[in-house]
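Subject: The structure, and what I found in it

Hi,

Here is the structure we talked about, ready for you to open. Have a look at it first, and then read on at your leisure.

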Amino acid sequence: MVTGEALIVYRALLRATRKSFAGDSEMLKASASEIRKKFEENRHVASNSDIPRLLEEARDTVQFISTKIVQAKINERGGYEMKASQEHAGFTLELPSEEMIRKKSL
């Protein structure tokens, strides 16, 4: 039962990152690697209290990625634009700092 639930959440995380980071192969690869790493780290957890907590944290992460992350793309004018979807409605926009943008450009 737990293995099936973990697989469902694992796939949901991958789907959420594919949607949020569509077109950004670097972020897609890094996020998939991080998701796998976290699941591998917890592969042998057997505690009846830890397993539900870990699954809930993973579900919360799916929700966070789906509703609070929007990928911005540079446009032909040199500015950034993004297309928020219905899932993002009602949330406050936080723009990345200039330092974060410079690091991404390198």
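Below is a short tour, from the overall layout to the core and then the charged pairs.

One thing to keep in mind throughout is that this is a predicted model.

**Overall layout**

The chain holds 4 helices and 2 strands. Read from the N terminus, these elements follow the order α-α-α-β-β-α. Of the 106 residues in the chain, 20% are buried. The accessible surface adds up to about 8,400 Å², and carbon and sulfur atoms account for 56% of that surface. As for how the chain meets itself, take the contacts between residues at least 6 apart in sequence: 51% of them join residues at least 24 apart.

**The core**

Which residues make up the largest nonpolar core? There are 12 of them: Val9, Tyr10, Ala12, Leu13, Leu14, Ala16, Ile35, Ile51, Leu55, Ala58, Val62 and Ile65. Two elements, helix 1 (2-20) and helix 3, each give two or more residues to this core. Helix 1 supplies the largest share, with 6 residues.

Some individual residues show how the core is put together. Ala12, found in helix 1, has a relative accessibility of 18%, so it counts as buried. From Ala12 to Val62 is 50 residues along the sequence, yet their C-alpha atoms are 6.6 Å apart in space. Ala58 touches Val9, Leu13 and Phe39, if you leave out residues up to four places away in sequence.

Ile65 belongs to helix 3 and is buried, because its relative accessible area is 9% and the cut-off for buried is under 20%. Setting aside neighbours within four places in sequence, Ile65 is in contact with Leu13, Ala16, Thr17 and Ser20. Arg15 lies 50 residues from Ile65 along the chain, and the C-alpha atoms of these two residues are separated by 9.9 Å.

**Helix 3**

This helix deserves a section of its own. Helix 3 covers residues 50-68, which is 19 residues; at 1.5 Å a residue it should span 27 Å, and its end C-alpha atoms are 26 Å apart, so the two values agree. The buried residues of helix 3 are Ile51, Leu55, Ala58, Val62, Ile65 and Thr67.

What does the side chain of Thr67 reach? Its contact is the backbone oxygen of Gln63, at 2.7 Å. Thr67 itself lies in helix 3 and counts as buried at 9% relative accessibility.

Helix 3 also carries a charged pair. Glu57 and Arg53 form a salt bridge through their side chains, with an N to O distance of 3.0 Å. Both residues sit in helix 3, 4 residues apart, or about one turn of the helix. Are they buried or exposed? Neither quite fits: Glu57 is partly exposed at 41% relative accessibility, and Arg53 is partly exposed with a relative accessible area of 40%.

**Other charged pairs**

As you know, side chains of opposite charge can pair when their charged atoms come close. How many salt bridges does a search of the whole structure find? The search turns up 10.

Some of these salt bridges join up: Glu34, Lys37, Lys38 and Glu41 are linked in a network. Within it, Glu41 pairs with Lys38, and their closest N and O atoms are 3.9 Å apart. Glu41 and Lys38 are 3 residues apart in helix 2 (residues 25-41), so about one helical turn separates them. Glu41 counts as partly exposed, at 48% relative accessibility, and Lys38 is partly exposed too, with a relative accessible area of 40%.

Another salt bridge joins Glu76 and Arg77, with 3.7 Å between the closest N and O atoms. Here both partners are exposed: Glu76 has a relative accessible area of 73%, and Arg77 has one of 67%.

If you would like a place to start on screen, try Ala12 and Val62, with their C-alpha atoms 6.6 Å apart, and then move along helix 3 to the contact between Thr67 and the backbone oxygen of Gln63.

Best wishes, and happy browsing!

Note on methods. Residues numbered from 1 in each chain as written. Predicted model: local features only at pLDDT ≥ 70, side-chain atom pairs only at ≥ 80, totals over all residues. Heavy atoms only, no water. Expected span 1.5 Å × (residues − 1). Buried < 20%, exposed > 50% of the residue type's maximum accessible area, 1.4 Å probe, protein only. Salt bridge = Lys/Arg side-chain N within 4 Å of Asp/Glu carboxyl O. Contact = heavy atoms within 4.5 Å. Areas by Shrake-Rupley, 256 points an atom, 1.4 Å probe, with all protein chains shown as cover. Polar contact = N/O pair within 3.5 Å; in protein donor to acceptor, adjacent residues only side chain to side chain. Core = buried A, V, L, I, M, F, W, Y, C linked by side-chain atoms within 4.5 Å.
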